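Student: Please give me a close look at a single part of this model, and then set that part in its surroundings.

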Amino acid sequence: MSFTLLFEQLLNGLQFGVTLFLMAAGLTLVFGIMNFINLAHGSLFMVGAYLALAAANWTGSYLLGAVLGLAGTLVVGMAVEIVALRTLYDRDHLDQVLATFGLILFFNELVAMIWGRAALFASVPPFLSGHIELFTGSSYPLYRAAIIVVGFAIALLLWWVVTRTRLGMLIRAGATNRTMVAALGVNIRLLYTVVFGFGAALAGLAGLLSGPIYNVQPGMGELILIQVFVVIVIGGIGSIRGALVGAIIVGVVDTLGRAFLKPLLGTLISPPAAESAGPALASMLIYLLMAVVLSFKPQGLFPAKG
Amino acid sequence: MKLRLLLWGIAVLLLVALPPVVLAIGQPFYLDLARRILILAIAAISLNLILGYGGLVSFGHAAYLGVGAYTVGIMGFYGITSGWLQWPVAIVASALVALAIGAVSIRTSGIYFIMITLAFTQMLYYLGISIAEFGGDDGMRLKSKSLFPGLIDLRDPVAFYYLTLGLMLVSVFLVHRLVNSRFGMVLRAAKSNDARTRAIGFSPYPYRLAAFVIAGAMCGLAGALYANHTNYITPGLMSWQQSGDIMFMVILGGMATTAGPVLGAFVLLLLEDLLSAWTQHWQVILGPLLILSVIFFRRGLAGIFYKADA
């Protein structure tokens, strides 16, 4: 196991972690403020990837496609909130889980109807293809590096919005006491729709960034969604800081596990046994991590409400 | 009460009369469908025990379906085909898995419980995918159905159907007796008010864990039946969509009611069958229907007929 390889895998882990964070931030905001659990968050990830791909093919420009994809996901998210989810805020989590489960079926099938069931290929834009040299003898794909930069920029932007702007103030106030905020004359319904659309756009961004790395296909959102759940449970539901820390931990642990667990096990047990145990253990690693974290801190690492 | 018994009587009569009728009209496919519904109804009944009466929103109930099915498959793989061995082992294995998952999960509550049960089931799902000996992603074929020499031949579809129907009715009866016993009273009390239950001297944890294990064991039996029903076991049995499906049966039918899960299983699976015969894009219709049912049928279908037991 050379140092270069380890470093590259660490960066891959960071890149995956940043993608998870973009998803987790929206999910945890919506949960923290509306007390709403949205299983269909993964569908918005998928919608973002498809819309950006379609728009890029249509306009011939990657950036224009990305902007249109983001705007489209924002609109889809707000529309879903207004049409279906608004009535469910006062219900218990069970009803919310079931209704958004129905939404997943709907979106997966709708996407399959429009674009087909086969995986689509999204290409890396020319200005982001190629590699950058980190230090002598090591190069890293520029596109993945760009994702890391975008992710941290968004994290910074989120921190600024939440702590330094009026909207952020309303969001924090809404998370603490909804009734009071409404009583003070804030249009809480509009605030909810805005926050939901905001979260949807972040999921869409994660989706369109992931397009060239993973397959763009129906159901792609659910694969990542469950890992995002692990992230926000580890980080503490409702906390953006927790989402960031949890996402980086899960991203790095998962990536390193997949890369190094098999050879590592091979030195301990017989190689054929490691051949089958390695991948199995690697894909279970983050769930084990979650179980360990929850048994020490049942509210996650950064509990949102004191 | 009398009306309920009457409705149950009519339903059972219809189910008993089904095989001769479908065979007479030459549509054996419906026998297959009905058997699948009855098997998944057992899974839904078991989930109702913890979800409906215990208030434990487990989003990972498909795990036990998978453990039960894989137990039958793996024992068959090693040449143990006796059902007298396979089925009890499937039940015990599911109970043990439920004990492990429950022991950790029940310490948490609310949304954490939903997610941790989901995560544990995902773990088992990935385990199923990555073990190549037992088919991995593609699944494994059952070499032979479970053998019950001298008692029943599962290759006879009608006999298998009646066995499934019988086991389903036993499950209904068992859960009904359980929730109306002292044990069930404590379980329901803990659901409606945890603090008061503690105040009168009951610790909810062991009761919840026991219910969780019983539900897991019962669902394991459904898994063993399912393996024999399809002759084919895939990790997809443990997927979270499957967990969601079982959950939906309970909610759609009406949770914390005796008939709810059975009713829900029939309505959901018949609807799926009907829609999928009509268009391959049936999920685009089913999804919104499910959302509407959550928004408008707050007490489930059984709520139309009578008030909830709890």
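Tutor: What follows begins with one pair of helices and moves outwards from there. This is a predicted model, in which local features need pLDDT of at least 70 and side-chain atom pairs count only at pLDDT 80 or more, whereas totals for chains, interfaces and linings use all residues. Residues are numbered from 1 along each chain as its sequence is written, with chains lettered from A and ligands numbered from 1 in the order in which they are written.

Helix α1 of chain A, residues 3-34, packs against helix α10 of chain A, residues 240-268, at an angle of about 145 degrees and with 7 Å between the axes. (Helices are DSSP runs of H or I with at least four residues, strands E runs of at least two; axes are fitted to C-alpha atoms over the stretch in contact, with N-to-C angles from 0 to 180 degrees.) The crossing of α1(A) and α10(A) is right-handed, the near helix being turned clockwise from the far one by less than a right angle. Of the residues in this contact of α1(A) with α10(A), 17 are nonpolar, eight are polar and one is charged (Asp, Glu, Lys and Arg are charged; Ala, Val, Leu, Ile, Met, Phe, Trp, Tyr, Cys and Pro nonpolar; the others, Gly among them, polar).

A24(A) touches V228(A), V231(A), I232(A), A243(A), G246(A) and A247(A), leaving aside residues up to four places away in sequence, where touching means C-beta atoms, placed from the backbone, within 7 Å. A24(A) and V230(A) are also the residues with the most contacts inside the largest nonpolar core, which has 188 residues (such a core joins buried Ala, Val, Leu, Ile, Met, Phe, Trp, Tyr and Cys through C-beta atoms within 7 Å).

Turning to the partner chain, the contact takes 34 residues from chain A and 36 residues from chain B. On the side of chain A that touches chain B, the elements giving two or more residues are α4 (93-115), α9 (220-235) and α11 (271-296) of chain A, and α4(A) gives the most, with 15 residues. That side of chain A divides into 25 nonpolar, seven polar and two charged residues.

In chain B, 20 of the 27 residues of α9(B) are buried, leaving this helix mostly covered, and N231(B), just after α9(B), takes a positive phi of about 60 degrees. L38(B), in helix α2 (residues 29-53) of chain B, counts as buried because 26 C-beta neighbours lie inside 10 Å (20 or more within 10 Å is buried, 12 or fewer exposed, in between partly exposed). L38(B) touches T164(B), L165(B) and M168(B), again without residues up to four places away in sequence.

Key: Contact = placed C-beta atoms within 7 Å.
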